[in-house]
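Here is a quick walk through the model, starting at the nucleic acid and then moving to where the protein chains meet. Keep the viewer open as you read.

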2 protein chains.
Amino acid sequence: MIKVPRSLPDVPVPEGDTQHRILDAAHRVFMRSGTAGARMQEIAREAGVNPALLHYYFRSKARLSEAVFLRAAGQLFPAILAILNSDQSVSAKVEQVVEKELSKLSETPYLPAYILSELAHDPNRMRQLLTVVTGQHPSKAGQRLLSGLDSQLKAEARAGRLRPIAAEQFIVNLLSLCIFPFAARPMLTALFGLNDDRFSAFIAERRRSLPSFFLRALQP
Amino acid sequence: MIKVPRSLPDVPVPEGDTQHRILDAAHRVFMRSGTAGARMQEIAREAGVNPALLHYYFRSKARLSEAVFLRAAGQLFPAILAILNSDQSVSAKVEQVVEKELSKLSETPYLPAYILSELAHDPNRMRQLLTVVTGQHPSKAGQRLLSGLDSQLKAEARAGRLRPIAAEQFIVNLLSLCIFPFAARPMLTALFGLNDDRFSAFIAERRRSLPSFFLRALQP
DNA sequence: GTCTATACGGCGATAGAC
DNA sequence: GTCTATCGCCGTATAGAC
C-alpha cells in the first residue's frame, strides 16, 4: 500500500490552529450525529487531523462534546435573553427576537435539534446550560432572568394595552414559534414535501408574519 | 457466586407475551437514551428478559428501533391529522388539537424529543414516518393532507372571518405552541427552575390559554 | 505537537444446549 | 422459546517513537 501525505502540497493547511480546527469539526459532527452517534475518528477526518490529537487537546470524548455544547449554547441563549431584558417596548422585543432568532437559525439550522437532543439524553447538560446562561450560579436563575420582562408585562396589562400573560408563557410561546420549525425541519420537509429552497421561503414568510401574529394574540 | 432466579416467586410475571414486553421496554429505553445511546442489554434488563431473546424476536437493534419508532409515530400523528381534516369549524379544530395534543403529551412527555431526535439523526426515519402518515405512498403526501384545511382557511379569509394564512403556517404555528414545551422540557425546567408539579401546572395553564391565544392571532 | 501501533473494553450478534 | 457461552468487531484511549 502506497502512503499518500494527508495534506497535498498545493492545498494549504486551513487557517486556525489544530485545537480550533478540531473544535469546529466536532461541532459539525456532533451536530448531525448527536454525541452518542458521533465517532471520534470521523471528527478527526473532518478536521484533517490525526485521531490521536483529539485526545491530546481534549482528554476524552465527553470533554470534547462538552466543549462543543457549551460553545453552541453560548452563541444562542445570551443574545435572546439580552433582548428580552432590555428596556425596549414589548413589540420591539418581539420583532427583534423573531428577526435575530430566525436569521441565526437559518445559518445553523440543526442547532435547535442538537441542543434539545443533548438536554434530553444527558442530565449533565442541564447544569452546563445554566453555567452558560447565568455565569456560574445555578440557583434561582429563572426568577432573575425573567423579572424585568415580568414586571413590564404586568404594567402593560394594568394599562390595558396588553392581555395579562405570565412571562414564562410569553417566552415559551415566542420561542416555540421561532425555534420549533427548525427543530422539526426533517419532519416538516417530509410531511410537506419541501426542498431546501422552499424551506427557506417558508422561514422567510414567517419572518414577515410572526411578529404581527404574536402581537395580535396579546391584544386585549 | 450464588445464582438468584430473575423472577422472584412472589412477583408474578408481568402480563403480555415476551415480544410485547420487549417492545414496551425498548420504547422506554430508546425514549430516554435515543437509538444510538440505548443498549440492548439495558432493554433486556428493563423487560426482565434474557438478552438473546431480543435478537430472537427482532433480528437486530435497527429493526427493534424501527418498530419502536413506527409505533410511537403512529400514536401521535394520525389523530391530529384526522382532526385537522375533519369538517368542523376552525375554532373547534384548534381547541381539539390543543386538548388532544397536550393531554397525550402529558402522558408521554419525552415523545416529541425522541421523534425529533430520530428524524434529525437517521435519514431512514423520514421515509418510515411517511409510511405511517400516508399509509404507503410517500409521494405528494403534503398536498393531500393539507388540501381540506387549506380550502377551509381560504373560504374563511374570503368571508372576512379570518386573516389569510397558508395551511402550512397554520399547522406549524399550532403544533409549535403545543409540542415545543415538551420537546424543550429539560431546557425549560432548567431555565425556569421547574419541578414536575410546576411543569404540569405550566401545561395546564397552556391548555386553558392556547386556543384563545391562537384564535385571536388569526382574527382580521 | 504529531505520528504509528496497540491495548482494552463494550456491545451486537450468533451457536448450540435444554 | 429460553438459556449460557462466546465470537468478532468497533471505538475509545494510551504508549511511545519522532
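## At the DNA

Look at the atoms of DNA strand C within 4 Å of the protein: 76% of them belong to sugar or phosphate, and the rest are base atoms. Bear in mind that this is a predicted model.

In total, 13 residues surround DNA strand C, and the closest are A:T18, A:N50, A:Y57, B:M40 and B:K61. Sorted by type, the residues of this surface come out as 6 nonpolar, 4 polar and 3 charged. The top contributor is helix α3 (residues 51-57) of chain A, which gives 4 residues.

Three of the phosphate contacts are worth zooming in on:

| Residue | Group with the N or O atom | Distance to a phosphate oxygen of DNA strand C |
|---|---|---|
| A:T18 | side chain | 3.0 Å |
| A:Y57 | side chain | 2.6 Å |
| B:K61 | backbone | 2.8 Å |

## Where the chains meet

Now swing over to the protein-protein contact, which takes 51 residues from chain B and 51 residues from chain A. About 4500 Å² is buried between chain B and chain A, with carbon and sulfur atoms giving 72% of that area. What about polar links? There are 11 residue pairs in polar contact across the interface of chain B and chain A (both at pLDDT 80 or more).

On the side of chain B that touches chain A, several helices supply at least two residues each, among them α1 (18-37), α9 (141-158) and α12 (196-218). The most comes from α10(B), with 12 residues. By type, this side of chain B splits into 34 nonpolar, 11 polar and 6 charged residues. As for salt bridges, the rule finds 0 across the interface of chain B and chain A.

Conventions
Residues numbered from 1 in each chain as written. Chains lettered and ligands numbered in written order. Predicted model: local features only at pLDDT ≥ 70, side-chain atom pairs only at ≥ 80, totals over all residues. Heavy atoms only, no water. Near = heavy atom within 4 Å. Polar contact = N/O pair within 3.5 Å; in protein donor to acceptor, adjacent residues only side chain to side chain. Nonpolar A, V, L, I, M, F, W, Y, C, P; charged D, E, K, R; others polar. Contact = heavy atoms within 4.5 Å. Buried area = accessible area lost by both parts, 1.4 Å probe. Salt bridge = Lys/Arg side-chain N within 4 Å of Asp/Glu carboxyl O.
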